[in-house]
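Subject: Handing over the structure

Hi,

Here is the structure I promised to pass on to you. Have a look at it first, and then read on for what turned up.

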Amino acid sequence: MDQDFILTHLGEHREKYFQAVAPPIVQSSNFAFPELNIFREAFQDELASHLYTRGNNPTVAILREKVAALEKAEDALIFGSGSAAISAAVVSQVQAGDHIVCVEAPYSWTTKLLTQFLGRFGVTHTFVDGCDLAAIEAAIRPETKVLYLESPLSITMQLQDLRACAQLAKKHDLISIIDNSHCSPIYQNPIEMGIDIVLHSATKYLNGHSDVVAGVVCSTKAIIKQIFDIEYMTLGAIISPNDASLMIRGLRTLPLRLQRSNDSAAKIVEWMRQHPAIEKIYHPFSSDFPQYELAQRQMRGNGGLFSVELKAEKIEQVEDVFHRLKRFLFAVSWGGYESLVMPFCAFHNIPDRDAPPYSWRLIRFYIGLENPDWLIEDLEQALQILE
Ligand SMILES: Cc1ncc(COP(=O)(O)O)c(C=O)c1O
């Protein structure tokens, strides 16, 4: 389906609401029925009818249709956060005694879901190096039900070979799940490569304005119905109609925003490659990235995220660089209009806490929609102290 059609028209039945160009926010918890028979039918298929907003809401339904089409999926569900979407999808595929093979170092709350939540219910897991297909296969046991991926990983940017992983999952009768937040559906469509369930933190690119927390699960109609009937309706971690409307607005500019972030990040990375204060760059679309060819094969772009290691001898030097940056915000998350830095030195030297597995020299950058030359000026003056 044409991307322009999806973003401008799909799901928008304007004849039902006065030909309004922007869809209405149907801010109603419940829906009334003119007849008993229609009420009865709605109970039989809550996902297809309008009964109660924890199940199906007309504003949210427009968003579902657009997001599913962008991911080339049959259907989608929208959650109140990416973490809720991840939890619901994973929980839906396992029961006590089952095992999950998961790529090493996924998003931190995914780690917590496996290590501290599912363990309590008798579901075990093994973390594996996602770059090593043989290691992934070796970790599969008779009781393994799920292969969980996140590609690229959002700090070291390592990829998994999605076509090969999907084949492996099929061979061993596993459900393959991927967190596709890094690429968004604009730059990677895992379902086309054989992956079963695609997840997003819609807080990132899909909404894109740093004002909504939301999540997405995309899959076949059958899997979505299965998740809807149990996890979606019981956990109730839904998006509000108001936030769904903001997300529909955000989606209108998704390809433009991605293109801008992607191109600006590439320009800044190119500038950094020549800079004497930069030790190493983690950016899948740089030709010296170890998995550059795989990135070219399965991604159409990288977007605004990359990490760098500074050539610094002391942690204080990295702190100084960071304090001199004036045009980047210091914040978690990414995918909005604003450029961000996340220096890993912030997680070092914390009393009574183990140091993270990442060097204090590492800084993750997210490049937003500002002029890249304006950002380079800021980087130039901040990095000067390391020269
Ligand atoms: C890669 C990735 N996946 C999932 C999430 C969780 O999404 P949310 O914060 O919307 O719950 C995040 C949040 O930072 C993330 O970076």
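Where is the place of Pro 152? Pro 152 belongs to the loop that runs between strand 4 (144-150) and helix 7 (162-171). Please keep in mind that this is a predicted model.

I started with that loop for a reason: the peptide bond leading from Ser 151 to Pro 152 is cis, and its omega is near -5°. A second backbone detail is at Ser 184, a residue other than glycine with a positive phi, near 65°. You will find Ser 184 in helix 8 (residues 184-187). As background for both, most residues other than glycine have a negative phi, and most peptide bonds are trans.

Now to the ligand. The ligand sits in the largest pocket, with 13 residues around it. Of these, Gly 82, Ser 83, Asp 179, Thr 203 and Lys 204 come nearest. By class, the shell is made up of 4 nonpolar, 6 polar and 3 charged residues. Helix 4 (residues 82-92) provides the largest share of that shell, with 3 residues.

Some polar contacts are worth finding on screen:

- Asp 179 has a polar side-chain atom 2.6 Å from a nitrogen atom of the ligand.
- Ser 83 places a backbone N or O atom 2.8 Å from an oxygen atom of the ligand.
- Ser 201 has a side-chain N or O atom 2.9 Å from an oxygen atom of the ligand.

How much of the ligand does the protein bury? Taken alone, the ligand exposes 390 Å², and the protein buries 88% of that.

Last, a look at a sheet. Here 5 strands form an open sheet with mixed pairing, in the order 8-9-12-11-10. Strand 8 (278-282) and strand 10 (329-330) are the edge strands, as each pairs on one side only. Within the sheet, strand 11 (residues 340-343) and strand 12 (residues 362-366) run antiparallel and are joined by 4 bridges. To trace one of them, begin at Leu 340, whose bridge partner in strand 12 is Tyr 366. In general, strands of a sheet pair through backbone hydrogen bonds, either parallel or antiparallel.

Enjoy exploring, and write back with any questions.

Best wishes

Technical notes: Residues are numbered from 1 along each chain as its sequence is written. This is a predicted model: local features need pLDDT of at least 70, side-chain atom pairs count only at pLDDT 80 or more; totals for chains, interfaces and linings use all residues. Side-chain values use heavy atoms; hydrogens and water are left out. A residue is near a molecule or strand if one of its heavy atoms lies within 4 Å of it. A polar contact is a pair of N or O atoms within 3.5 Å; within protein, one must be able to donate a hydrogen and the other to accept it, and residues adjacent in sequence count only if both atoms are side-chain atoms. Accessible areas come from the Shrake-Rupley method with a 1.4 Å probe; for residues, only the protein chains shown count as cover. On a 1 Å grid over the protein atoms alone, a cavity is a set of points where a 1.4 Å probe fits but cannot get out, and a pocket is an open set with protein on both sides within 12 Å along at least five of seven lines; lining residues have an atom within 4 Å of a point. A molecule sits in a cavity or pocket if more than half of its atoms lie within 2 Å of its grid points. Helices (H or I, at least four residues) and strands (E, at least two) are DSSP runs, numbered from the N terminus. Ala, Val, Leu, Ile, Met, Phe, Trp, Tyr, Cys and Pro count as nonpolar, Asp, Glu, Lys and Arg as charged, and the others, Gly among them, as polar. Two strands pair if DSSP finds at least two bridges between them.
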